[in-house]
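Below are some points on the model, set out for a colleague who has it open alongside. They follow the order in which I would check them.

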Amino acid sequence: MTGKSSRIAQMLERARYVAWQSMRNELEALLVEAELINIHQPPFNTLLKDDKSPLYIIFTNEDFPRVLKVRSRDLRLKKYQKVVKFGPFPSGYKVNEVLKIARRIFPWCNQKRSKKTIKTKTKPCFYHHLRLCSGVCTGEISREDYGEMMGNLQNFLRGKKTLLLRDLAREMKREAAREEYEKAGRTRDKIKLVEEVTSENYRLRQGFFLPTLYDNAQGGRESLVYLRSILHDYLRLPADYQLRRIEGYDVSNTSGKKAMVSMVVAIEGEMRADEYRLFGIDNKNEPDDYLMHKMAQERRQKHFADWGRPDLIVIDGGKGQVRSALKAYDYQMAVPIIGLVKNPDRIVLPIKIERSGKTAKIEYKILSLAVDDMALKLLSRIRDEAHRFSKRAHLRRREKDLFD
């Protein structure tokens, strides 16, 4: 430890292992580093954690504008004084992901050309081979057409969806009227892509860019990182909110008879069978899942001291089941409660609760994620285990009563 600062010495003392992943280039490594620091908030990193050097997307002031990513500290340079800029963006990963999506719709070219040299033959750039360049490098597009595309891209980045879709629709009609059906088809595809990536439930995928820092045995810990991010975005929980104990609940009954509510537990993202519990519900043979969830949560609160307090409750069900569970806590969100509905799996988030006497008006966000999203896979695993456990307990209860 000789010669090291106290901060570095403490970091080395607390470190348990080192994980790394090779990146394709220096810029990608820088963006990954910024995003990982933003998500994991490591206590010993102060340079990027506080967003002291966020990223901007800029359009250069040239005949054929290029689209670049520039750090805020570099915007003071003379060559960037007259650029069109968007930002700041605290997350380098999201900037990169947004530009990947945008380039599929508006294939710009970052090779320097001017209206005087556009007809000069040059080799096509790398992105031209991938069909992610409109052909500035090969002289295939006019300055006017390229400028129109850049205007559409800027509207996309500004979030002016209505204006953008209107302009693209007009462009498609003009191309069809000129019998340029291939162009009209490409514009139609652009419209579809814009509608897809600007839909309410579209979410950037973390697996596209960020490396996996944990091995399979620690996969649950990484899932918690992304789940925490969702809860921060939609439930406004702290960015460093602890998710040590997550509980999943499911109801199993036959027309209300022999009802059982299961409670399964994940500690640090891993299922812990020794923490599982069951609640037998006597509901006068009425098949009311909503009431059963409420009764189970009322009983669960009595065991906070001896079983531990959950950091998150996951209900197998939709808005009705989530509402019933919240009612047991007088709609106070003393414990965050979310639901998971099937076919396909979607997360039900109570994002706003307005109480009025003994009732409440609840606004929900139904969040659709990619099937391989790490947070969704964790929640699905908890939900499926709760369903398995409650069904098995219900069948055993029925068999016991049958032979008694």
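**Notes on the predicted model**

1. Pro-344 sits in the loop that runs between β9 (337-341) and β10 (346-356). The peptide bond leading into Pro-344 from Asn-343 is cis, and its omega is near -10°. Most peptide bonds are trans, so this bond deserves a look on the screen. The model is a predicted one, and the cis bond should be read as part of that prediction.

2. Which residues other than glycine have a positive phi? Tyr-331 is one of them, with phi near 60°, and Met-333 is another, with phi near 55°. Tyr-331 is placed in the loop between α11 (319-328) and β9, and Met-333 is also found in the loop between α11 and β9. Their accessibility is as follows: Tyr-331 counts as buried at 6% relative accessibility, whereas Met-333 is partly exposed at 25%. The cut-off for buried is under 20% relative accessible area, which is why Tyr-331, at 6%, falls in that class. As background, most residues other than glycine have a negative phi.

3. For the protein as a whole, there are 12 helices and 11 strands. Of its 404 residues, 44% count as buried. Among contacts between residues at least 6 apart in sequence, 60% join residues at least 24 apart.

4. The largest nonpolar core has 30 residues. Those that touch the most other members are Val-67, Phe-106, Trp-108, Tyr-146, Met-150 and Leu-153. At least two residues of this core come from each of β1 (55-59), α3 (92-105), α5 (143-157), α6 (161-177) and α7 (181-197). Helix α5 gives the most, with 5 residues.

5. Tyr-146 can be followed further. What does Tyr-146 contact, leaving aside its neighbours within four places in sequence? Its partners are Phe-64, Pro-65, Trp-108, Cys-109, Ser-134, Val-136 and Ile-141. Tyr-146 is buried, with a relative accessible area of 0%.

6. The structure holds 5 aromatic pairs. In one of them, Phe-64 and Tyr-146, the ring centres are 5.7 Å apart and the planes meet at 50°, so the pair is tilted. The class follows because planes under 30 degrees apart count as stacked and those over 60 as edge-to-face, with the rest tilted. The pair links distant parts of the chain: Phe-64 is in the loop between β1 and β2 (67-71), Tyr-146 is in helix α5, and 82 residues separate them. Phe-64 is buried too, at a relative accessible area of 1%.

7. Asn-155 is another residue of helix α5. Is Asn-155 buried or exposed? Asn-155 is buried, with a relative accessible area of 10%. Not counting residues up to four places away in sequence, Asn-155 touches Lys-160, Leu-163, Leu-164 and Asp-167.

8. The second largest pocket encloses about 910 Å³ of space. There are 27 lining residues, and the closest to the pocket centre are Pro-107, Ser-134, Lys-183, Arg-186 and Lys-190. Helices α3, α5, α6 and α7 each supply at least two residues of the lining, and α7 gives the most, with 6. By class, the lining divides into 13 charged, 8 nonpolar and 6 polar residues. Ser-134 appears both in this list of residues closest to the centre and among the contacts of Tyr-146.

9. Two further pairs of positions can be checked by C-alpha distance. Glu-298, in helix α9 (residues 289-301), has its C-alpha atom 7.6 Å from that of Tyr-329, with the two positions 31 residues apart along the chain. Glu-298 is partly exposed, with a relative accessible area of 33%. Thr-117, in the loop between α3 and α4 (126-129), lies 8.8 Å from Gly-139, C-alpha to C-alpha, and the two are 22 residues apart in sequence. Thr-117 counts as partly exposed at 32% relative accessibility.

How values were computed
Residues are numbered from 1 along each chain as its sequence is written. This is a predicted model: local features need pLDDT of at least 70, side-chain atom pairs count only at pLDDT 80 or more; totals for chains, interfaces and linings use all residues. Side-chain values use heavy atoms; hydrogens and water are left out. A nonpolar core is a set of buried Ala, Val, Leu, Ile, Met, Phe, Trp, Tyr and Cys residues joined through side-chain atoms within 4.5 Å. Buried means under 20% relative accessible area, exposed over 50%, partly exposed in between (1.4 Å probe, protein chains only). Helices (H or I, at least four residues) and strands (E, at least two) are DSSP runs, numbered from the N terminus. Contact means heavy atoms within 4.5 Å. On a 1 Å grid over the protein atoms alone, a cavity is a set of points where a 1.4 Å probe fits but cannot get out, and a pocket is an open set with protein on both sides within 12 Å along at least five of seven lines; lining residues have an atom within 4 Å of a point. Grid points are joined across faces, edges and corners, and a volume is the space filled by probe spheres set on the points. Ala, Val, Leu, Ile, Met, Phe, Trp, Tyr, Cys and Pro count as nonpolar, Asp, Glu, Lys and Arg as charged, and the others, Gly among them, as polar. Rings of Phe, Tyr and Trp (its six-membered ring) pair if their centres lie within 6.5 Å; planes under 30 degrees apart count as stacked, over 60 as edge-to-face and the rest as tilted.
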